[in-house]
Amino acid sequence: MQPRLALAFCLVLLSACDWDQFALLNSIPVHGKSGGNKTVRVYLGLDGLSYATVSDVIAMRPEVYQGFSGGDWRRAHFVAMFPATSDASWSRILHSERMGGYEYEFYDPTQDTIVNKGYLGLVNHGIPPVEGTTFHTPTYYTAFDYYANGYLDTVWTYQTTELSFADSLDSLFFLLAQKSEFEPVFTAYIPELDVMGHMQTREMVEESFIVLWHRIAEFKRKHPERNFLFTLFSDHALDFLPASEDQLVRFDDVMRGVGITPVESFDAGRRQGGMWAVPIIHTRVSYLSLHTEAALAQSVAERVSGSPTVDLAVSLGTPNLAIDPNRRYAWTTLWRGGRELVTFGYDATTDRYFLPSGADYTALDVPVDVSGAEFVVYDDQALFELTLLRNYPDLFHRARTSLLSVSVRYPGQVLVSFKRPYASIGFEMPGNANAIASSGFHGGLEQLGSLGVVLTEERDLPVAIRSDNVLELFPALAEHMERRHMYLEAGEPGSSLNYDTIDLSEMIDQ
Amino acid sequence: MMLMPSLALVALTFTPTPNSESTPGAPLQPKAIELAWQGDEATPHTDVAVRTEAAEVEPDNPFDHAANGIYPLWENNGHLLPHRRALIGSSNVLFGIGGVVQLGVAPTSLVMRTPNFQLKVPLYRDDRVLLAGQLGTYVLMPGADSAFASSRYTSRIYNPDHTIVVAPLSVAATIKVASWLQLHPSVTALGVFGSKVRSEVTPGAFVTAELLALENHSLLLHGGEIGMWDHDQYIFGASYRLNWQWLEARAGYFYRISPDGMQGQPLVSAGLLL
């Protein structure tokens, strides 16, 4: 056999592997023994679905409205971590094994190099994971019984999003009908709403959500033999604020403009001297992370926050010795306009925050009054309630934990939240095609991109849920993940809230 | 190679686009065979001389027709491989014995925690119709439900900790409708057994229309129903088949449509003809 033909044969053989088995298994009608699984909990992870989007749909569509007014559905704000980006956020929600960084591209300090840099990181999204190779998906995907429907599913998700969404729903319900005869929990991940938000319009996201709503209702009608309890939850929101091409920021240029040298390794930075940082450009999102030496972090944050494209920069802060003479607290600084806005402390033993006087809380839309005192103390829950519906929801917890190795192994030393409509360009498209994926963004600290949603028929909900606590409220989901042999990370100890006592009903128009 | 006389006749009479010109030393003129097959109405051979001559020769290409369907489990046809001829393929490894038995294994399923075999026997033959019966067994070992090479594929079966035995028994035919068209209907009773599943038999029917285009090429349209009165899903698809010298290649796209949803997928196979 000629080598070329042999190669072609092997490729066909390889590509056929899963297809034959996929066809075989999915055309065998197998039924569980009667009596099992009278109630089946279905958890659908909807990437990028905003609380505001769902609110609009409820207001517009009577059939959806009925589900929430006297119906079985409950709704809660979901507060994403910062950065509000999918890979890190799903890992935070599901307590799955930490990723290297916030996204595919990350800085690995053990090798002093950027992993999956640039197009490689993008391409990695499209390469199908194959057992026994280096191509694999983030661990959180393991939580989902269904997340894709073919080798090139990710490519189609971006290329033909509407068709891909229809395909996802078809596959999901195709599987659910039979799977539910054996398992009391079914989980699925639907990525297309996020892609629509990035690349298309808010109306399309709303229409697609309505399609999903009807498919759920139709499925439940067809299967009265079981009590299907659906829960829909997202990982972040989308702000639906488009960015023009000149608002897509090449952050290397920003860094040079404020006297910081962008480098690709600490070694290069140290040889370079002066002010330097490793920028992780990520995808087209409204945040960015920088890695640098601890001694440089505050200066780097201060300088980059001076860019008109930056809303806030976050770094570790210098301990306020008047409040914390023994340096027992964790201190975080928020920067804007080239100056420090606030440096706040956190006491992990009491789960309390220390907000000093002299800070510009108004600029952060945080209604605290420190006048006449050196500082004020809030417990975590009080600050959560205070900031939830402000411009920066759960600001202090999110800013603080963004710099910790929770959800990610190698967090940045400086995180940047862009001033919308500015956003990181992420990747450059050839042929003046940079306008794509510029219809909506997420990632930053602002509310519009941060408040996702939890919808459920399973239980009553508090008005808002911090991303770290979703599994606490849905233990069946956690048990399902453990059955799927997932190791669940403990998470950040100070993230728990007492949801029984949270009451924001006066602030929220349900 | 020795062939049973009846099988040789069948092979000849079911060769609408014979490859004899590429087979040196073939004693039977291709023209004669084509005459026997041209026209929409097949003409049964009654001539003893022709029968004898045909019985003594090897068919020009025993792989003119696929020896099984491309869609696993449910699709089949009336053809069998001749004695000691084999197809070593990505989807199937088939071996003919004496013209009366065809043994088969689905190798990709085999390595995906699903040991399996198929045994096919001829049931009836005449000038227009080939009829065969097939018994298969697929043992879904624990974990077979998720034993895909890529996690981007998911099955609706759930057997992480128990074995499921699937045993299809089918009767399939190949019917020559015209020189350019054959139909391959099959009916299957699929038995499913296991300690944690409901033991039951599901009926299914499948039909494939094979359009014989040019030499070595076929276009096939597939349709099937699984469950019948207790409907589970429909299967529709189209495929192309090439048999060229030692190579058989098939490629198609199929949809499974259940009352709740739908899945679409390609099917591709390549095989060496020995």
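How much area do chain A and chain B bury between them? About 5300 Å², with 60% of it on carbon and sulfur atoms. Keep in mind that this is a predicted model. I'll start with the interface, then go to the cores, then to the salt bridges, and end on one strand residue.

So, the interface. On the chain A side, 53 residues take part, and they are in contact with 58 residues of chain B. Which residues of chain A lose the most area to chain B? They are A:W19, A:F22 and A:F174. Together these three make up 13% of what that side buries.

Now the polar side of the same interface. The rule finds zero salt bridges across it. Polar contacts are another matter. There, 30 residue pairs turn up between chain A and chain B, with both partners at pLDDT 80 or more.

Which elements of chain A give two or more residues to the side that touches chain B? Four helices do: α1 (3–25), α5 (119–126), α7 (161–179) and α9 (202–222). Of these, α1(A) gives the most, with 14 residues. By residue class, the side of chain A that touches chain B splits into 29 nonpolar, 14 polar and 10 charged. Hold on to α9 of chain A. We'll meet that helix again.

Next, the cores. The largest nonpolar core has 41 residues. Inside that core, A:L44, A:F230 and A:L232 have the most contacts. Take A:L232 and skip its neighbours within four places in sequence. What is A:L232 in contact with? The set includes A:L44, A:L46 and A:W73. It also includes A:F209, A:L212 and A:I216. The remaining partners are A:V453, A:V454 and A:L455. There is a second core too, separate from that one, with 40 residues. Among them are A:I93, A:Y140, A:V463 and A:M486.

A quick word on chain B as a whole. Chain B has four helices and 12 strands. Of its 274 residues, 55% are buried. Look at the contacts in chain B with a separation of 6 or more: 49% of them come from residues 24 or more positions apart.

On to salt bridges. Side chains of opposite charge can pair when their charged atoms come close. Over all chains, the search finds 28 salt bridges. I'll show three of them.

The opening pair is A:R202 with A:D56. Their closest N and O atoms are 2.7 Å apart. This pair links distant parts of the chain: A:R202 sits in helix α9 of chain A, A:D56 in helix α2 (residues 51–60), and they are 146 residues apart. Are these two buried or exposed? A:R202 counts as partly exposed, at 25% relative accessibility. A:D56 is partly exposed as well, at 29%.

A:R202 has another partner, A:E206. Here the closest N and O atoms are 3.4 Å apart. Both residues lie in helix α9 of chain A, four residues apart, about one turn of the helix. A:E206 has a relative accessible area of 7%, so it counts as buried, the cut-off being under 20%. Put the pairs together and you get a network of salt bridges that links A:D56, A:R202 and A:E206.

The chain B example is B:R156 with B:D232, where the closest N and O atoms are 2.8 Å apart. Why does this pair tie together parts that are 76 residues apart in sequence? Because B:R156 lies in the loop between β5 (129–140) and β6 (164–178), while B:D232 lies in the loop between β9 (217–226) and β10 (233–244). B:R156 is buried, with a relative accessible area of 3%. B:D232 is buried too, at 11%.

Last stop: A:T113. Where does A:T113 lie? In strand β4 (residues 113–115) of chain A. A:T113 is partly exposed, with a relative accessible area of 29%. Leave out residues up to four places away in sequence, and A:T113 touches A:F106, A:Y107, A:D108 and A:E264. The C-alpha atoms of A:T113 and A:D267 are separated by 9.3 Å, although the two are 154 residues apart along the chain.

To wrap up: the interface has zero salt bridges by the rule, but it has 30 residue pairs in polar contact. And A:R202 in helix α9 of chain A belongs to a salt-bridge network with A:D56 and A:E206.

Notes: Residues are numbered from 1 along each chain as its sequence is written. Chains are lettered from A and ligands numbered from 1 in the order in which they are written. This is a predicted model: local features need pLDDT of at least 70, side-chain atom pairs count only at pLDDT 80 or more; totals for chains, interfaces and linings use all residues. Side-chain values use heavy atoms; hydrogens and water are left out. Contact means heavy atoms within 4.5 Å. Buried area is the accessible area (1.4 Å probe) that two parts lose on being put together, summed over both. A salt bridge is a side-chain nitrogen of Lys or Arg within 4 Å of a carboxyl oxygen of Asp or Glu. A polar contact is a pair of N or O atoms within 3.5 Å; within protein, one must be able to donate a hydrogen and the other to accept it, and residues adjacent in sequence count only if both atoms are side-chain atoms. Ala, Val, Leu, Ile, Met, Phe, Trp, Tyr, Cys and Pro count as nonpolar, Asp, Glu, Lys and Arg as charged, and the others, Gly among them, as polar. A nonpolar core is a set of buried Ala, Val, Leu, Ile, Met, Phe, Trp, Tyr and Cys residues joined through side-chain atoms within 4.5 Å. Buried means under 20% relative accessible area, exposed over 50%, partly exposed in between (1.4 Å probe, protein chains only).
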